[in-house]
Amino acid sequence: MNISRSFILVGAAFLIIGVSFGIFMGGSGDHTFAPLHAHINLLGFTLMTVFGVLYRVFPETGLSNLARLHFWLHLGGTTLLLVMLFLFFSERITPEAMFPLAPIAEVLVMAGILTYAYNILTNLK
Ligand code: HEM
Ligand code: HEM
């Protein structure tokens, strides 16, 4: 599994979804989904693409098992968080119903970021 490629491909998929929400908001005039749109594009596309490019530019970090762990933590956490935000902003669930899955998703994203930080600290030449 090529981590750099995986991050960049998944990032492109998030960009398609994120920009679709942006176009929907622009067209409808309903900006309710703005925070969701922002985080699909930022957590999903921007961050994933930055990670993908970094793991390509510094291959010694991309080859580490830490990069693989980072990918799954970030993908799992981001997807779960964005699904919860979609359910919340479309009023399918109450704010109370965000617990415990949304906090768990945030912990997963943070665990991925800490894994990334530890990886570059130990493996970046
Ligand atoms: C065709 C592409 C896009 C369209 C039509 C679009 C449209 C929109 C709209 C209508 C809003 C709401 C503005 C408001 O309520 O004040 C918005 C907010 C935002 N968009 Fe986009 N957008 C696009 C692409 C992107 C991309 C590629 C990114 C990031 C990489 C991005 C990041 C943001 C951010 C950070 C906000 C602010 C959200 C907030 O303040 O809560 N957008 N966009
Ligand atoms: C687990 C990760 C994250 C969580 C839980 C989170 C949470 C939040 C929250 C609660 C808000 C305020 C939303 C509102 O006022 O309606 C926000 C806004 C925002 N976040 Fe995040 N965020 C995360 C990651 C990120 C990342 C990685 C970026 C950029 C790469 C980012 C960029 C932004 C921007 C641009 C805004 C809008 C600020 C504004 O409209 O004034 N966030 N975030």
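His70 is buried in this predicted model, with a relative accessible area of 0%. The residue belongs to helix H4. Once neighbours within four places in sequence are set aside, the contacts of His70 are Phe7, Phe51, Tyr55, Gly112, Ile113, Thr115 and Tyr116. The verdict of burial follows from the cut-off, because a residue counts as buried when its relative accessible area is under 20%, and the value for His70 is 0%.

One of these partners, Tyr55, offers a second view of the surroundings of His70. Beyond four places in sequence, Tyr55 touches Ile3, Ser4, Phe7, Thr61, Gly62, Ala67, His70, Tyr116 and Asn119. Phe7 and Tyr116 thus appear among the contacts of Tyr55, and they appear among those of His70 as well.

Tyr55 leads in turn to the largest nonpolar core. This core has 24 residues, and the members that touch the most others are Phe7, Leu36 and Tyr55. Helices H1, H2, H4 and H5 each contribute at least two residues to the core. The greatest contribution, seven residues, is that of H4. As a general background, nonpolar side chains tend to be buried together in soluble globular proteins.

Helix H2 also carries the protein donors to two iron atoms. For the iron atom of ligand 1, the only protein donor is His37, through NE2 at 2.0 Å. His37 is situated in helix H2. For the iron atom of ligand 2, the single donor from the protein is NE2 of His39, 2.1 Å away. His39 is likewise placed in helix H2, which spans residues 34-57.

The surroundings of ligand 1 comprise 13 residues, of which Gly22, His31, His37, Asn41 and Thr46 are the closest. Several of these approach the ligand through polar side-chain atoms. An N or O atom in the side chain of His31 is 2.7 Å from an oxygen atom of ligand 1. In the side chain of His37, an N or O atom is 2.9 Å from a nitrogen atom of the ligand. For Asn41, a polar side-chain atom lies 3.5 Å from a nitrogen atom of ligand 1. The elements that supply two or more residues to this shell are helix H1, residues 3-28, and H2. The largest share is that of H2, with seven residues. Which classes of residue make up the shell around ligand 1? Seven are nonpolar and six polar, and there are no charged residues.

Around ligand 2 stand Pro35, His39, Leu42, Leu43, Leu47, Leu81, Glu106 and Val109. Within this shell, a polar side-chain atom of His39 is 2.9 Å from a nitrogen atom of the ligand. H2 and H5 are the elements that give two or more residues to the shell. The largest share, five residues, again belongs to H2. By class, the shell around ligand 2 consists of six nonpolar, one polar and one charged residues.

The path now turns to the loop between H4 and H5, where two features of the backbone deserve attention. Most residues other than glycine have a negative phi, and most peptide bonds are trans. Glu91, in the loop between H4 and H5, has a positive phi of about 60 degrees although it is not a glycine. Is this residue buried or exposed? Glu91 counts as exposed because its relative accessibility is 71%. The second feature is the peptide bond from Phe99 to Pro100, which is cis, with omega near 5 degrees. Pro100 is found in the loop between helix H4, residues 65-89, and helix H5, residues 101-123.

Met98 is also located in the loop between H4 and H5. With a relative accessibility of 14%, Met98 counts as buried, whereas Glu91 counts as exposed. Which residues does Met98 meet beyond its neighbours within four places in sequence? The contacts are Met84, Leu85, Phe88, Ile93 and Pro103. Met98 can also be set against Leu121: these residues are 23 apart in sequence, and their C-alpha atoms are 34 Å apart in space.

Notes. Residues numbered from 1 in each chain as written. Chains lettered and ligands numbered in written order. Predicted model: local features only at pLDDT ≥ 70, side-chain atom pairs only at ≥ 80, totals over all residues. Heavy atoms only, no water. Donors = N, O, S within 2.8 Å, 3.2 Å for Na, K, Ca; no water. Helix = DSSP H or I, 4+ residues; strand = E, 2+ residues; numbered from the N terminus. Near = heavy atom within 4 Å. Polar contact = N/O pair within 3.5 Å; in protein donor to acceptor, adjacent residues only side chain to side chain. Nonpolar A, V, L, I, M, F, W, Y, C, P; charged D, E, K, R; others polar. Buried < 20%, exposed > 50% of the residue type's maximum accessible area, 1.4 Å probe, protein only. Core = buried A, V, L, I, M, F, W, Y, C linked by side-chain atoms within 4.5 Å. Contact = heavy atoms within 4.5 Å.
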